[in-house]
Amino acid sequence: MFRKKLMYLNRRAPYGTIYAAEGLEVVLIGAAFDQDVCMAFVGDGVYQLKAGQDTSGLGLKSFSPAYRALGDYDVTRLYVERESLEERGLDAGDLMPLTWEDEDDDWAEKSSIHVVDRAELTRLIDAQDVVFNF
Amino acid sequence: MALQINGKTLDTDEEGYLANLSDWEPEVAQVMAESDECDLTDNHWEVINFLRSYYEEYQIAPAVRVLTKAIGKKLGKDKGNSKYLYQLYPYGPAKQACRYAGLPKPTGCV
């Protein structure tokens, strides 16, 4: 079967709007269709992956732990734009560690997070069949 | 819809899933199983308890494919397959067991 290349492009901070939570839900639901899926995080979207989030003051359920399930759903490529991190005083060390287990490599644990620069991300976006924008 | 447990009334959604996760107690699973004419064995409870700890960790109810793989890793290959899980939960292992476990309907079950 022809597998489409799908990218879920996340541009917004995790709380304050429903985009990030709904976008993640769509990724998890869409994972059932066995397509070639990746996610990208640009602009305030990089905050979605920031470690140590506490939503208790917001009265909202934290959905950060759900990102850790992405590997189980075979979503194993999360591209984070380097410039967006730098513009916000962040680097890869500020992000949640997210991993997946490679069944073809004796279940070796590998990082799902790939920090890429803007030019590389542009190429990746260009290479997709479909880009979902959240 | 609602469920009567130990003199309390617990709200459920239109498909019978608990409205409030914190309402869950083991009797919830018993009462739901009785109305499905399903006898809960230790093997059933193993899946229910697995789902509850999965939800605790990831805050989502796993899709059936993910559940099957994760059970296989945790409890062994003889349990991590569709045949075994469908024997326990003929209405769909993720959907039915998540309901008994007090979880929402699985994310990614279509």
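In this predicted model, 31% of the 134 residues of chain A count as buried. Let us stay with chain A for a moment and look at how it is put together. Chain A has four helices and seven strands, and walking along the sequence you meet them in the order β-α-β-α-β-α-β-β-β-α-β. Along the principal axes, the C-alpha trace of chain A spans about 45 × 30 × 25 Å. The radius of gyration of chain A is 14 Å, which agrees with the value near 14 Å for a compact globule, because that is what 134 residues would give.

How do the contacts of chain A spread along the sequence? Counting contacts in chain A between residues at least 6 apart in sequence, 77% join residues at least 24 apart.

For a closer look at one piece of chain A, turn to strands β4 and β5. In chain A, β4 covers residues 99-102 and β5 covers residues 108-111; the two run antiparallel and are joined by four bridges. One pairing to find on screen is A:Trp100, whose bridge partner in β5(A) is A:Lys110. Together β4(A) and β5(A) form a hairpin, with five residues between them. In the turn of this hairpin sits A:Asp106, which has a positive phi of about 55°.

Now move over to chain B. Here there are five helices and two strands, and the pattern along the sequence is β-β-α-α-α-α-α. Chain B has a radius of gyration of 13 Å, close to the 13 Å that the globule rule gives for 110 residues, so chain B is as compact as a globular protein of that length. The C-alpha atoms of chain B fill a box of roughly 40 × 25 × 25 Å along the principal axes. Of the 110 residues of chain B, 34% count as buried. Among contacts in chain B with a separation of 6 or more, 50% come from residues 24 or more positions apart.

Which helix of chain B is mostly covered? It is α5(B), residues 93-100, with seven of its eight residues buried. Those buried residues are B:Pro93, B:Ala94, B:Gln96, B:Ala97, B:Cys98, B:Arg99 and B:Tyr100. Their cover includes α1 (26-35), α2, α3 and α4 (82-88) of chain B. After α5(B) comes B:Gly102, whose phi is positive, near 80°.

With both chains in view, we can ask how they meet. The contact takes 13 residues from chain A and 13 residues from chain B. On the side of chain B that touches chain A, α2 (42-58) and α3 (64-75) of chain B each supply at least two residues. The largest share of that side, four residues, comes from α3(B). By class, the side of chain B that touches chain A has seven nonpolar, three polar and three charged residues.

Finally, consider the buried nonpolar residues. In soluble globular proteins, nonpolar side chains tend to be buried together. The largest nonpolar core here has 57 residues, and those touching the most other members are A:Val27, A:Met39, A:Ala40, A:Val80, B:Leu51, B:Ala97 and B:Ala101. B:Ala97 is already familiar as one of the buried residues of α5(B). A:Met39 is another good place to pause: leaving aside residues up to four places away in sequence, A:Met39 touches A:Tyr8, A:Asn10, A:Val27, A:Val75 and A:Leu78. Among these neighbours, A:Val27 also appears in the list of core residues that touch the most other members.

Notes. Residues are numbered from 1 along each chain as its sequence is written. Chains are lettered from A and ligands numbered from 1 in the order in which they are written. This is a predicted model: local features need pLDDT of at least 70, side-chain atom pairs count only at pLDDT 80 or more; totals for chains, interfaces and linings use all residues. Two strands pair if DSSP finds at least two bridges between them. The radius of gyration is taken over C-alpha atoms; the globule rule is 2.2 Å times the number of residues to the power 0.38. A residue is buried if 20 or more other C-beta atoms lie within 10 Å of its own, exposed if 12 or fewer, and partly exposed in between; C-beta atoms are placed from the backbone. Two residues are in contact if their C-beta atoms, placed from the backbone, lie within 7 Å. Ala, Val, Leu, Ile, Met, Phe, Trp, Tyr, Cys and Pro count as nonpolar, Asp, Glu, Lys and Arg as charged, and the others, Gly among them, as polar. A nonpolar core is a set of buried Ala, Val, Leu, Ile, Met, Phe, Trp, Tyr and Cys residues joined through C-beta atoms within 7 Å.
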